[in-house]
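I opened a fresh page for this one and wanted to go from the overall fold down to single residues. Here is the model I had on screen while taking these notes.

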Amino acid sequence: MFLALSDRMVKREGEFLRWPHTTKLIWGAHRIIYIFADATGELSLYYDIELKAPLDTDQTGGSMFPTTTLVTKKRVYIPVPKSVEPAFMITDGDKEFYVRFDTIP
């Protein structure tokens, strides 16, 4: 499963993800946080997803995983690990969540 990044994020920081980077992920409670770091490790970009419904209580964790970011002409997609896929599965109605992002020098 892949998640499309917000249009605003792609417009402002999309170039960052076109270059080699690593991906770390932290999740728990209502949050899933992606931390992308450039090849030098000097610049990081975080993408903080706040879910309306909490993750299952046994789903707290984090890991570094191989970067498989997909970049198309108008969209950037990031991988969703199996352990947090249920948070993005659409079964009834809409899925709503809030996103924050920024670079960390």
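**Notebook: strands, hairpin and core**

I began with one pairing inside the sheet: Ile26 stands opposite Gly62 in β5. I kept in mind that this is a predicted model.

*Entry 1, the neighbours of β2.* That position made me look up the strands on either side. β2 (residues 21-28) pairs with β5 (residues 61-65) in the antiparallel sense, over five bridges. I then checked β3 (residues 31-38), which also pairs with β2 in the antiparallel sense, here over eight bridges. Which residue of β3 is the bridge partner of His21? I found Asp38 there.

*Entry 2, the turn.* Next I went to the hairpin of β2 and β3, where two residues lie between the strands. Ala29 takes a positive phi in this hairpin, near 55°.

*Entry 3, the whole chain.* I stepped back and counted one helix and eight strands in the protein chain. Along the sequence I read them as β-α-β-β-β-β-β-β-β. The radius of gyration is 13 Å, close to the 13 Å from the globule rule for 105 residues, so the chain is as compact as a globular protein of that length. I noted a C-alpha trace spanning about 40 × 30 × 20 Å along its principal axes.

*Entry 4, contacts and surface.* I looked at how far apart in sequence the contacting residues are. Of the contacts with a separation of 6 or more, 64% are between residues 24 or more positions apart. Buried residues make up 35% of the 105 in the chain. For the accessible surface I have about 6,700 Å², with 56% of it belonging to carbon and sulfur atoms.

*Entry 5, the core.* Which residues touch the most other members of the largest nonpolar core? I wrote down Ile32, Tyr34 and Tyr47, out of 24 residues in that core. At least two core residues come from each of α1 (7-13), β2, β3, β4 (44-51) and β7 (76-79). β4 gives the most, with four residues. As a reminder to myself, nonpolar side chains tend to be buried together in soluble globular proteins.

*Entry 6, a closer look at Tyr34.* I picked Tyr34 from that trio and listed what it touches, leaving out residues up to four places away in sequence. Among them are Thr23, Lys24 and Leu25, then Leu45, Tyr46, Tyr47 and Ile49. Phe65 is on the list too, and so are Ile78, Pro79, Val80 and Pro81.

Conventions. Residues are numbered from 1 along each chain as its sequence is written. This is a predicted model: local features need pLDDT of at least 70, side-chain atom pairs count only at pLDDT 80 or more; totals for chains, interfaces and linings use all residues. Side-chain values use heavy atoms; hydrogens and water are left out. Two strands pair if DSSP finds at least two bridges between them. A nonpolar core is a set of buried Ala, Val, Leu, Ile, Met, Phe, Trp, Tyr and Cys residues joined through side-chain atoms within 4.5 Å. Buried means under 20% relative accessible area, exposed over 50%, partly exposed in between (1.4 Å probe, protein chains only). Contact means heavy atoms within 4.5 Å. The radius of gyration is taken over C-alpha atoms; the globule rule is 2.2 Å times the number of residues to the power 0.38. Accessible areas come from the Shrake-Rupley method with a 1.4 Å probe; for residues, only the protein chains shown count as cover.
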